[in-house]
Each structure stands twice: as C-alpha cells, then as structure tokens.
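Q: Could you take me through one part of this structure up close? I'd like to pick a single side chain and see what sits around it, strand by strand.

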Amino acid sequence: MTDFELRPIGHVESGLADLDAAPRQPDEGAPPAWLVIEPRYAAALDGLTAGMDVLLLTWLDRADRETLAVHPRSDLTRPMTGVFATRSPDRPNPIGLHEVHIVAIDGTRVEVGSLEALNGTPVLDLKPVLTPDR
C-alpha cells in the first residue's frame, strides 16, 4: 500500500482549546473561527468571497488513530459502532469535514462561522459547496 503525504495549507485560530469542552457539531454552540492560510497559498483564495459556503478539510491532529469503534456521541447507552458509521474524530485517518460559511476575508485570513475545530488544527483544503448555479 502507498502512503500519502499531506501538507497543511494553514491552521485554525479559535477560542476552542480543550477537546473535552468543544462542541461535537457546529450547531451545538461552536464559535466563529479564523482559517489562517499560509502566504504561499494566497493566490488559491482568489474567487472566495464573504457569504460563500465551503467545505473545509482539516487534519484532526489530536485524534486517536487506533480507534475503530465508538459509542456514538460518547453516549454509553448507544451500542458500539464502527467509526466509519459515525462522525467521531477518532479514526484511522482523522480527516475533518466541515461545511462552513465565510463571514469575512482579510488577506490570507478567512473568518468562518460556527466551527468546532480546536485552535491550531491543521487546515488541509477548502472547496466550494456546489449549487445548481455553479
């Protein structure tokens, strides 16, 4: 099998620092955050505007990559379930997928609303949410 090399394009700047205190989903009280993109990728931001929705891919660097099954939402009353059937951050390849709304862009800093990623989380990619008019 081939290994793949991923290079972060930036990181998350957020008030969320404690994994146990962070909301599990964005609609559960996640605060706004900044995506701080490395200057060498500035040209890749061309075409993004405030008001757009994008898919944000992150590397969940504090995840446990050995976990294969969890109680969904850490609720012990729920049966153990394979991580591929959950949104658990603990998984063999801890890639976070977040649909976020761009609030503002300031140079290579992109403000997004309601992001549950922790401060310092590596940013892997941004992709526009496709709509019928795109």
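**Around tryptophan 34**

A: Let's start with the ring: arginine 109 lies over the face of tryptophan 34, at 4.7 Å from the ring centre. Bear in mind that this is a predicted model. If you were hoping for aromatic company too, a search of the whole structure turns up 0 aromatic pairs.

Now for the strands. S2 covers residues 33-37 and S7 covers residues 109-113, and the two pair in the antiparallel sense over 4 bridges. Within that pairing, tryptophan 34 stands opposite glutamate 111 in S7. S2 also pairs with strand S1 (residues 10-13), again antiparallel and over 4 bridges. There, glutamate 13 is what stands opposite tryptophan 34. So much for the tryptophan's cross-strand partners.

Follow S7 the other way and you meet strand S6 (residues 95-106), which pairs with S7 in the antiparallel sense over 5 bridges. In this pairing isoleucine 102 stands opposite valine 112 in S7. S6 and S7 form a hairpin with 2 residues between the strands, and glycine 107 takes a positive phi near 65 degrees in that hairpin.

Step back, and these strands turn out to belong to a closed barrel of 6 strands, running S1-S2-S7-S6-S3-S8 with antiparallel pairing. The twist averages 45 degrees from one strand to the next. In that order, S2 comes between S1 and S7, which puts tryptophan 34 opposite glutamate 13 of S1 and opposite glutamate 111 of S7.

Definitions and conventions
Residues are numbered from 1 along each chain as its sequence is written. This is a predicted model: local features need pLDDT of at least 70, side-chain atom pairs count only at pLDDT 80 or more; totals for chains, interfaces and linings use all residues. Side-chain values use heavy atoms; hydrogens and water are left out. Two strands pair if DSSP finds at least two bridges between them. Rings of Phe, Tyr and Trp (its six-membered ring) pair if their centres lie within 6.5 Å; planes under 30 degrees apart count as stacked, over 60 as edge-to-face and the rest as tilted. A charge sits over a ring if NZ of Lys or CZ of Arg is within 6 Å of the ring centre and within 35 degrees of the ring normal. Axes are lines fitted to C-alpha atoms, for helices over the stretch in contact, and angles run from 0 to 180 degrees between N-to-C directions.
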